[in-house]
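Biologist: I would like to work through this model by question and answer, starting from a single residue and moving outward to the fold.

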Amino acid sequence: MPTITKLYSLQEVSEHNTREDCWVVVDGKVYDVTSYLDEHPGGDDVLLAATGKDATDQFEDAGHSQSARDLMKDYCIGEVDPCAPEVVIPELEIVSKQQRINLMDLLQNKTLQYCAVPAAMVGIALVLGLLYNRNK
């Protein structure tokens, strides 16, 4: 008989983001690591920084051993629902729109256009001059 896996949306996972209720996602699986915080060899702050979100990249970058991967099975409580919509945080959208506006303003600023090109040319000339004199 196949095991039934509980599916969670990323929205549900994001609500478990405290020391008292700590969930992380690694490779599409949801782990409740609340009881493991004090035992984690890298310290609880590493897990707390990744809580409530997909931590696959951080987990892979840390180079965990096979025994660590085997230990994770004890904390697996389900999988991320691939059909659930992703979490959208409105504040991030506002910031990214504002950043796009500021970048466009900078690119359209005539003063910047007239100063940036000559400044870049002077910088390149200085570097090339230093490299040329160093090789003599």
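Biologist: Does H40 count as buried or exposed, and at what relative accessibility?

Modeller: This is a predicted model, in which local features need pLDDT of at least 70 and side-chain atom pairs count only at pLDDT 80 or more, while totals for chains, interfaces and linings use all residues. Residues are numbered from 1 along each chain as its sequence is written, and side-chain values use heavy atoms, with hydrogens and water left out. Buried means under 20% relative accessible area, exposed over 50% and partly exposed in between, with a 1.4 Å probe and protein chains only. H40 therefore counts as buried, at a relative accessibility of 15%.

Biologist: Which residues is H40 in contact with, leaving aside its neighbours within four places in sequence?

Modeller: H40 lies in the loop between β4 and α2, where helices (H or I, at least four residues) and strands (E, at least two) are DSSP runs numbered from the N terminus. Taking contact as heavy atoms within 4.5 Å, and with those sequence neighbours set aside, the partners of H40 are V46, L47 and H64.

Biologist: Which residues lie nearest the centre of the largest pocket?

Modeller: On a 1 Å grid over the protein atoms alone, a pocket is an open set of points where a 1.4 Å probe fits, with protein on both sides within 12 Å along at least five of seven lines, and lining residues have an atom within 4 Å of a point. Grid points are joined across faces, edges and corners, and the volume is the space filled by probe spheres set on the points, which for the largest pocket comes to about 440 Å³. The lining of this pocket takes at least two residues from each of β3, α2, α3 (56-61) and α4 (66-72). Of its 20 lining residues, those nearest the centre are Y36, H40, L47, F59 and H64.

Biologist: How many residues of that lining are nonpolar?

Modeller: Here Ala, Val, Leu, Ile, Met, Phe, Trp, Tyr, Cys and Pro count as nonpolar, Asp, Glu, Lys and Arg as charged, and the others, Gly among them, as polar. On that division the lining of the largest pocket has no charged residues and 4 polar ones, and the number of nonpolar residues is 16.

Biologist: Which are the edge strands of the open sheet?

Modeller: Two strands pair if DSSP finds at least two bridges between them, and β1 pairs with β5 (residues 76-80) in the parallel sense over 2 bridges. The antiparallel pairs include β4 with β5 over 3 bridges and β2 with β3 over 2 bridges. The open sheet of 5 strands, with its mixed pairing, thus has the order β1-β5-β4-β3-β2, by the rule that pairing takes at least two bridges. Each edge strand pairs on one side only, and the two are β1 (7-8) and β2 (17-18).

Biologist: Which residue takes a positive phi in the hairpin of β3 and β4?

Modeller: β3 and β4 (residues 29-32) pair in the antiparallel sense over 4 bridges, with V26 opposite K29 and V24 opposite Y31. The hairpin has 2 residues between the strands, and the residue in question, found in that loop, counts as exposed because its relative accessibility is 52%. Although not a glycine, the residue with a positive phi of about 50° is D27.

Biologist: Which strand gives the largest share of the largest nonpolar core?

Modeller: A nonpolar core is a set of buried Ala, Val, Leu, Ile, Met, Phe, Trp, Tyr and Cys residues joined through side-chain atoms within 4.5 Å. The largest core has 13 residues, and V24, V26, Y31, V33, Y36, L47 and M72 touch the most other members. At least two of its residues come from each of β3 (21-26) and α2 (44-50). The largest share, 3 residues, is supplied by β3.

Biologist: How many residues of β3 are buried?

Modeller: Around this strand, Y31 touches C22, W23, V24 and V26, among others, not counting residues up to four places away in sequence. A second, separate core of 6 residues includes V25, together with V13, V30 and V80. β3 is mostly covered, and of its 6 residues the number buried is 5.
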